[in-house]
Amino acid sequence: NIIPASVVAHYTKTPAFALLAPILPIISDMGGSGGSQAIAVSIRELSLGRIKALDFVWVLGKELGVGLVNGVILGALLGIGAYVITNDPTLALIVACSMMATAVVAVTIGGIMPLFLRMLRVDPAVASSPILTMVTDTCGFYFVLALAVAFYR
């Protein structure tokens, strides 16, 4: 939690921070949900022998596609919601793009993390979720706040 919190702390002077702060847990949660689903699928497939740890590239490609589809849909919905609430198209674009990027990262990391851990002979069921949470939260917070700095200069 220290790493994602340090990202937020770094950007507290960001323009529109007060408007974006309530969005941060939404992006974090939505990314985490998609990533957790990808972890579950990868662990199930590993357990059933349908994939092996060396199927890394195939799983990466599949999860990138899923992440893009999820990201576009979730980003559009969250962006529309942000626009309806704030009537600020720039803020809505920041939120939509951040959600898209977070979904891609979360689903991709969630899909490949169990394979990577299996290659290291670490139980993916034990270690995947905490790693995913840290990466998803950190990236999601960074995407929102860094885009706000870029757009609101």
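These legends go with four close-up views of a predicted model.

**View 1. Helices α5 and α6 pack side by side.** Here we look at the pairing of α5, residues 89-119, with α6, residues 124-151. The two axes sit 8 Å apart, and the packing angle is about 155°. That angle is over the 145 degree cut-off, so α5 counts as roughly antiparallel to α6. As for handedness, α5 makes a right-handed crossing with α6. What kinds of residue make up the contact of α5 with α6? The tally is 21 nonpolar, seven polar and one charged.

**View 2. Tyr11 meets Tyr142 edge-to-face.** Searching the whole structure turns up two aromatic pairs. For any such pair, the things to quote are the distance of the ring centres and the angle of the planes. For Tyr11 and Tyr142, those come out at 6.2 Å centre to centre and 65° between the planes. Planes over 60 degrees apart count as edge-to-face, which is why this pair gets that label. Where do the two partners sit in the chain? Tyr11 belongs to the loop between α1 (2-10) and α2 (17-20), while Tyr142 is part of helix α6. With 131 residues separating them, the pair ties together distant parts of the chain. Zooming out a little, ring pairs join Tyr11, Tyr142 and Phe143 into a cluster. Are the two tyrosines buried or partly exposed? Tyr11 has a relative accessibility of 13%, so it counts as buried. Tyr142 comes in at 42%, so that ring's residue counts as partly exposed.

**View 3. Thr136 is a buried residue of helix α6.** Thr136 is another residue to look at in α6. Its relative accessibility is just 2%, so Thr136 counts as buried. Which residues does Thr136 touch, once those up to four places away in sequence are set aside? The list runs to Ser28, Gly31, Gly32, Thr102 and Ala106.

**View 4. Ser42 is a buried residue of helix α3.** For the last stop we move to α3, which covers residues 23-48 and holds Ser42. With a relative accessible area of 2%, Ser42 is under the 20% cut-off, and therefore it is classed as buried. Ignoring sequence neighbours within four places, Ser42 makes contact with Ile51, Val59, Gly110, Gly111, Pro114 and Leu115.

Definitions and conventions: Residues are numbered from 1 along each chain as its sequence is written. This is a predicted model: local features need pLDDT of at least 70, side-chain atom pairs count only at pLDDT 80 or more; totals for chains, interfaces and linings use all residues. Side-chain values use heavy atoms; hydrogens and water are left out. Axes are lines fitted to C-alpha atoms, for helices over the stretch in contact, and angles run from 0 to 180 degrees between N-to-C directions. Helices (H or I, at least four residues) and strands (E, at least two) are DSSP runs, numbered from the N terminus. Angles under 35 degrees count as roughly parallel, over 145 as roughly antiparallel, 65 to 115 as roughly perpendicular and the rest as oblique. A crossing is left-handed if the near helix is turned anticlockwise from the far one by less than a right angle, and right-handed if clockwise. Ala, Val, Leu, Ile, Met, Phe, Trp, Tyr, Cys and Pro count as nonpolar, Asp, Glu, Lys and Arg as charged, and the others, Gly among them, as polar. Rings of Phe, Tyr and Trp (its six-membered ring) pair if their centres lie within 6.5 Å; planes under 30 degrees apart count as stacked, over 60 as edge-to-face and the rest as tilted. Buried means under 20% relative accessible area, exposed over 50%, partly exposed in between (1.4 Å probe, protein chains only). Contact means heavy atoms within 4.5 Å.
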